[in-house]
Amino acid sequence: MLKKVIAFFLILSFSLSFIACKKETKQPEPTVLPGNSKPPQEKSLSGDYSGNIKIWIMPNSSSPEQDFLNVCKPFLDANPELNITTTVVDWGAAWRKLTAAATTGDAPDIAQLGTTWVGAISYIDALEDLTDQIDWSKFQESVLDTTGLLGSDKKTAVPWFAETRVIFYRKDACERAGVDPETDFATWDKFKEALRKLNNVEIDGVKLPALGMPGKNDWNVLHNFAPWIYGAGGAFTSEDGKEVKINSPEALRGIKFYSELALEGLMDRVSLEKSTNDVEAAFANGAYAVSILGPWNIATLEKYKNDGVNDIIDKIGVALIPEGPAGRKAFLGGSTLSVFKTSKNKKAAIALCDYLSDKDAQIAYAKITGNLPTNKEAYDDPSISDHEFLKVFKEQMKYAKAYPSIASWGPAENYLKEGLSKIWDNVMGLNGAYDYEITKKVVDEVAEEINSVIEETR
């Protein structure tokens, strides 16, 4: 009962609406599976599964339902008596819909969960224990922290796809400024010095800001701070998730370094008022010398060239996030697949999750969505290992770190977003001259708010 009461209050902490587009689809017509159309050879796909699997997914691609079913086709071919009912749920509605389903029992067989949601849904005890039903050795080590509630011995979520962000830079701007990305982006100090050289470098008659990043008005505000917090040796919580660490000296060092890039004029202030989408589009149109972007931007840049919009992709290079005082660390996001305890087709649902996390299905879905695989063998596919940009993402996945998988992360993340937005206000001088003591005070307040939420789930 206590868990359900706490879950109710956690749900109330989000102001999201119910929006979903539901369609029931049987086995799709034959289509060419992107990547490798052959089913994985190491095991049989057929378990003589039948009936129906209800799955909720988010709009991970331009045609989310059909793209998903195309990837599932080898599994459906091997089990002709099995159908899949796909419900595409908007990201803005997903959290409330999922938590409502978990607490009422009106849930699908399988649901896509953002990695930061696994802890809360697992805490409610709504998810099937998959510990002994999946081969966990097939996954990248960095994604294993997203498979269950921190501190639990149960694994309740199968890593599906991942994302991290790397440095995208203009080769022509670096050449003009005398910056060698191979060495000059290697550490925090070198990165800052490189930005100084790149700032206002003139390309084709236009002076480029050094670094273009979104600021407080963006949903990624926390994700953009995370690599610097980690790189300084900071953390959001203690290893057991019971104590807030965001106001530790190490975490504050990372927050200070990243936010003060704007104070020093190395980060475009206009961009700090924009969203991620706006900044990504601006970089694709040549607006900055450097930005820090996700893998999905590669498809955009390639499309620009193919459509004749511009050929900026030929002028772009990518590099790892620089190494901080505590080493090289990066943000890790993505999604998992979980089976609800209330599933009426549990064996088939678990088998489908297993199939979707196998190499071939992972490669296929990565090509469709622009996200990264979670299966480590998938990274050896030439589409990634030989790709000029994606091979850098492959390397950075070794340093990517997920947020703590705790029950209270949802409301905690809201407090963090609000606090970090105030830090941008401080840096931008919206309430008077910048004062680092204000940043420290804001972070202390955030830590106090998060501690109060964590207390509810202890």
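**Helix packing and cysteines in a predicted model**

User: In this predicted model, which residues of helix H10 (residues 276-284) are buried, and against which elements do the buried residues pack?

Analyst: In helix H10, which covers residues 276-284, the buried residues are Thr-276, Val-279, Glu-280, Ala-282, Phe-283 and Ala-284. The elements that these buried residues of H10 pack against are strand S6 (166-170), strand S9 (290-293), helix H11 (296-306) and strand S10 (316-319).

User: Which residue just after H10 takes a positive phi, and of about how many degrees?

Analyst: Moving on from the buried residues of H10, which include Phe-283 and Ala-284, one comes to a residue with a positive phi just after the helix. That residue is Gly-286, and its phi is about 85 degrees.

User: How are H8 and H9 oriented to each other?

Analyst: Helix H8 (residues 221-231) packs with helix H9 (residues 249-263) at an angle of about 125 degrees, and their axes lie 7 Å apart. An angle from 65 to 115 degrees would count as roughly perpendicular and one over 145 as roughly antiparallel. The two helices H8 and H9 are therefore oblique to each other.

User: How many residues of the contact of H8 with H9 are nonpolar, polar and charged?

Analyst: On the H8 side the contact is made by Asn-224, Phe-225, Trp-228 and Ile-229, while H9 brings Ala-251, Gly-254, Ile-255, Phe-257, Tyr-258 and Ser-259. These residues divide into seven nonpolar, three polar and no charged.

User: Why does Cys-72 form no disulfide?

Analyst: A disulfide needs two cysteine sulfur atoms within 2.5 Å. The closest cysteine sulfur to that of Cys-72 belongs to Cys-353, and it is too far for a bond, at 9.8 Å.

How values were computed. Residues numbered from 1 in each chain as written. Predicted model: local features only at pLDDT ≥ 70, side-chain atom pairs only at ≥ 80, totals over all residues. Heavy atoms only, no water. Axes fitted to C-alpha atoms, helices over the stretch in contact; angles between N-to-C directions. Helix = DSSP H or I, 4+ residues; strand = E, 2+ residues; numbered from the N terminus. Parallel < 35°, antiparallel > 145°, perpendicular 65-115°, else oblique. Contact = heavy atoms within 4.5 Å. Nonpolar A, V, L, I, M, F, W, Y, C, P; charged D, E, K, R; others polar. Buried < 20%, exposed > 50% of the residue type's maximum accessible area, 1.4 Å probe, protein only.
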